[in-house]
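Grab a coffee and work through these exercises with the model open beside you. Try each task before you read its solution.

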Amino acid sequence: MKKPDKLFLASGNGDKITEFRQILRSLEIELTSTLDLEASEEVDEDQPTLEGNALKKARFWKEKTGLPALSDDTGLEVDALGGAPGVFSARYAGEQVTYEENVRKLLEDLRGAENRKARFRTVIALVGEEEWLFEGVCEGVILDASRGQGGFGYDPVFLPDGSEQTFAEMSSSEKNAISHRGRALQEFMSFLRSETG
């Protein structure tokens with residue numbers, strides 16, 4: 001795939017879009033998103049897998065805008081919970097809940113659990129003339145209390161392997177260098193460079 005001049009970020013999550021823009025800055029591609037549209041539409045994330053949700057959103061916005069569309073779906077997979085919340089990570093405590101409510105439910109569900117191993121997994125779909133998937137994984141553990149003011153979602157309770165800081169205690173550049181989304185986007189950027197190099 002030839003490097004596009006424009007790319008549509010198929011997400012309405014402002015925090016995700018900020019991360020996308022920070023990581024993709026070096027590509028020098030014009031990025032637009034659903035937040036740039038006057039009237040945006042929600043795509044129902046009803047697929048049973050991260051791959052399915054990412055593809056569904058990217059296909060919808062490619063059709064809608066005519067631009068190559070990039071979309072991700074991310075899940076927190078906790079071993080003691082059988083891989084939950086997984087695809088339900090954003091709505092673990094219910095529909096239209098805050099990040100804090102999701103974290104609170106997670107900590108309640110893990111109360112007393114000895115095995116706190118978990119991983120963030122991001123699948124990114126690129127839909128242009130063809131379709132491609134890129135994956136990034138970050139292994140770590142869930143703490144028993146929040147630490148840090150940065151990041152979003154489950155970042156305050158996720159301690160990546162080999163780090164003494166939660167994602168919420170890191171700067172955005174530190175987090176992006178090792179995070180699941182950062183790794184998936186690095187795969188995407190390597191793909192673009194190999195295709196156009």
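Buried means under 20% relative accessible area, exposed over 50%, and partly exposed in between (1.4 Å probe, protein chains only). The model is a predicted one: local features need pLDDT of at least 70 and side-chain atom pairs count only at pLDDT 80 or more, while totals for chains, interfaces and linings use all residues. Residues are numbered from 1 along each chain as its sequence is written, and side-chain values use heavy atoms, with hydrogens and water left out.

**Exercise 1. A stacked pair**

Task: find the ring that pairs with F120, and work out why the pair ties together separate parts of the chain.

Solution. Start with the rule: rings of Phe, Tyr and Trp (for Trp, its six-membered ring) pair if their centres lie within 6.5 Å; planes under 30 degrees apart are stacked, over 60 edge-to-face, and the rest tilted. That rule gives 9 aromatic pairs. In one of them, F120 partners F167, with 6.1 Å from centre to centre and 20° between the planes, so the pair is stacked. Next, place the two residues. Helices (H or I, at least four residues) and strands (E, at least two) are DSSP runs, numbered from the N terminus. F120 is in strand β5, whereas F167 is in the loop between β7 (158–160) and α4 (172–178), so the pair ties together parts that are 47 residues apart in sequence. Last, check burial: F167 is buried at a relative accessible area of 0%, and F120 is buried too, at 6%.

**Exercise 2. A tilted pair and its cluster**

Task: classify the ring pair of W132 and F191, then name the cluster that holds both.

Solution. The ring centres are 5.1 Å apart and the planes meet at 50°, so this pair is tilted. W132 belongs to strand β6 and F191 to helix α5 (residues 180–196), so the pair ties together parts that are 59 residues apart in sequence. Both residues are buried. Now widen the view: W132 and F191 join F134 and F188 in one aromatic cluster.

**Exercise 3. Charges over rings**

Task: which lysine lies over the face of Y92, and which ring has the charged end of K175 over it?

Solution. Here is the test: a charge sits over a ring if NZ of Lys or CZ of Arg is within 6 Å of the ring centre and within 35 degrees of the ring normal. For Y92 the lysine is K105, 4.8 Å from the ring centre. K175 has its charged end over the ring of F167, at 5.5 Å from the centre.

**Exercise 4. Three salt bridges**

Task: for E45, E95 and E135, find the salt-bridge partner of each.

Solution. A salt bridge needs a side-chain nitrogen of Lys or Arg within 4 Å of a carboxyl oxygen of Asp or Glu. The structure has 18 of them.

- E45 bridges to K57, with the closest N and O atoms 3.3 Å apart. E45 lies in the loop between β2 (30–33) and α2 (50–65) and K57 in helix α2, so the bridge ties together parts 12 residues apart in sequence. E45 is partly exposed at 26%, but K57 is buried at 7%.
- E95 pairs with R91 at 3.8 Å between the closest N and O atoms. E95 is exposed at 59%, and R91 is partly exposed at 22%.
- E135 meets R121 at 3.3 Å, N to O. E135 sits in strand β6 (residues 131–142) and R121 in strand β5 (residues 117–127), so parts 14 residues apart in sequence are tied together. E135 is partly exposed at 40%, while R121 is buried at 17%.

To finish, look for shared partners: K16, E19, D72, D155, K175 and R181 are joined into one salt-bridge network.

**Exercise 5. The surroundings of E19**

Task: is E19 buried or exposed, and what does it touch beyond its sequence neighbours?

Solution. E19 is in helix α1 (residues 14–24). With a relative accessible area of 6%, E19 is buried. Contact means heavy atoms within 4.5 Å. Leaving aside neighbours within four places in sequence, E19 contacts F152, K175, N176 and R181.

**Exercise 6. Around β1**

Task: which strands pair with β1, and in what sense?

Solution. Two strands pair if DSSP finds at least two bridges between them. β1 (residues 6–9) runs parallel to β2 over 4 bridges, and F8 has T32 as its bridge partner there. β1 is also joined to β3 (residues 69–78) by 2 bridges, again parallel, with L9 partnered by L70.
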